[in-house]
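Welcome! Let's take a friendly walk through this structure, one pair of neighbours at a time.

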Amino acid sequence: MRCLVLSDIHANLAALEAVLKDAKRRRLSYDMVWCLGDVVGYGPDPNACIELLRTVPHVCLAGNHDWAVLGKLELTAFHENAMIVALWTREQLTAENLNYLRARSARELQERYLLAHASPREPIWEYILDTGVAAENFEHLPDGYALVGHTHVPVIFAQDRASGDVRASVPPLGVPISLDPGFRYILNPGGVGQPRDGDPRAAYALLDTEKHTWTQYRAEYPIHLTQAKMRAAGLPDTLIDRLSYGR
Ligand code: ZN
């Protein structure tokens, strides 16, 4: 199966549309979209993003922002700006889309891949930012493969099954990386709607579960469109500005 792996759309419709268009332009064929959560929060188009996602065959998890909007997490655990937008999003979402978010699970096994928004052991909150935290999480993989988002930074953590050593690498763009059976992997496609690795383009990846390859892509999108909608909705300036820098 070929899966388009997306995470952290964050109600950024222009970015989500650009990713789907970019995949089409590159003639990437895929059977499913696997979305690793945080469809909403931060951005101006929560309903439209859920509705666009629902037009393609997909699996979608819940992220911390989705839970915050649903009232399943204490908002006090959030930065003030994130909290402001979570409350705004709660007002915007239709009953149907709230129900859609409510039905998402935090962690799900698809084929040999454990899908989790944040980390395999703490699917809602934990950030896997270094090889130490990745090493602890490799203990929690049933079959040695996990897909996570949450950090909004594309990265591959690979653990040598024999030595236990873990290394991190940033995948080159457009080059299929072969997943070596001698390693376990935690793969993060980066963020669609609010990248944080200094590259403002929307990030996504293609996973081929038969060929065992992972390919990272970036798609340019009209950032100013999203920013103008955020301004019109009165969303916080810091969140508007950061989209320009990918931070
Ligand atoms: Zn996020």
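This is a predicted model. Begin with two helices that touch: Ile223, Thr226, Gln227, Met230 and Arg231 in H7 meet Leu239, Ile240, Asp241, Leu243 and Ser244 in H8. Sorted by class, the contact of H7 with H8 contains 5 nonpolar, 3 polar and 2 charged residues.

How are these helices arranged? Helix H7 (residues 223-233) packs against helix H8 (residues 237-245) at an angle of about 175°, and their axes are 9 Å apart. Because angles over 145 degrees count as roughly antiparallel, H7 is roughly antiparallel to H8.

Now turn to the sheet. It is open and built from 6 strands, in the order E4-E5-E6-E10-E7-E8, with mixed pairing. Why is one side of E4 and of E8 left without a neighbour in the sheet? Both strands stand at the edges and each has a single partner strand, so there is nothing of the sheet on the other side. On average, neighbouring strands of this sheet are turned by 20° against each other, direction ignored.

Here are some strands to find in the model:

| Strand | Residues |
|---|---|
| E4 | 107-110 |
| E5 | 113-116 |
| E6 | 145-147 |
| E7 | 155-160 |
| E8 | 166-169 |
| E10 | 183-188 |

Take a closer look at one pair. Strands E5 and E6 run parallel and are joined by 3 bridges. Leu115 has Leu147 in E6 as its bridge partner.

Finally, a helix meets the sheet strands: helix H6 (residues 131-138) lies across E7, E8 and E10. H6 runs at about 120° to E8.

Definitions and conventions: Residues numbered from 1 in each chain as written. Predicted model: local features only at pLDDT ≥ 70, side-chain atom pairs only at ≥ 80, totals over all residues. Heavy atoms only, no water. Pairing = 2+ DSSP bridges. Helix = DSSP H or I, 4+ residues; strand = E, 2+ residues; numbered from the N terminus. Axes fitted to C-alpha atoms, helices over the stretch in contact; angles between N-to-C directions. Contact = heavy atoms within 4.5 Å. Parallel < 35°, antiparallel > 145°, perpendicular 65-115°, else oblique. Nonpolar A, V, L, I, M, F, W, Y, C, P; charged D, E, K, R; others polar.
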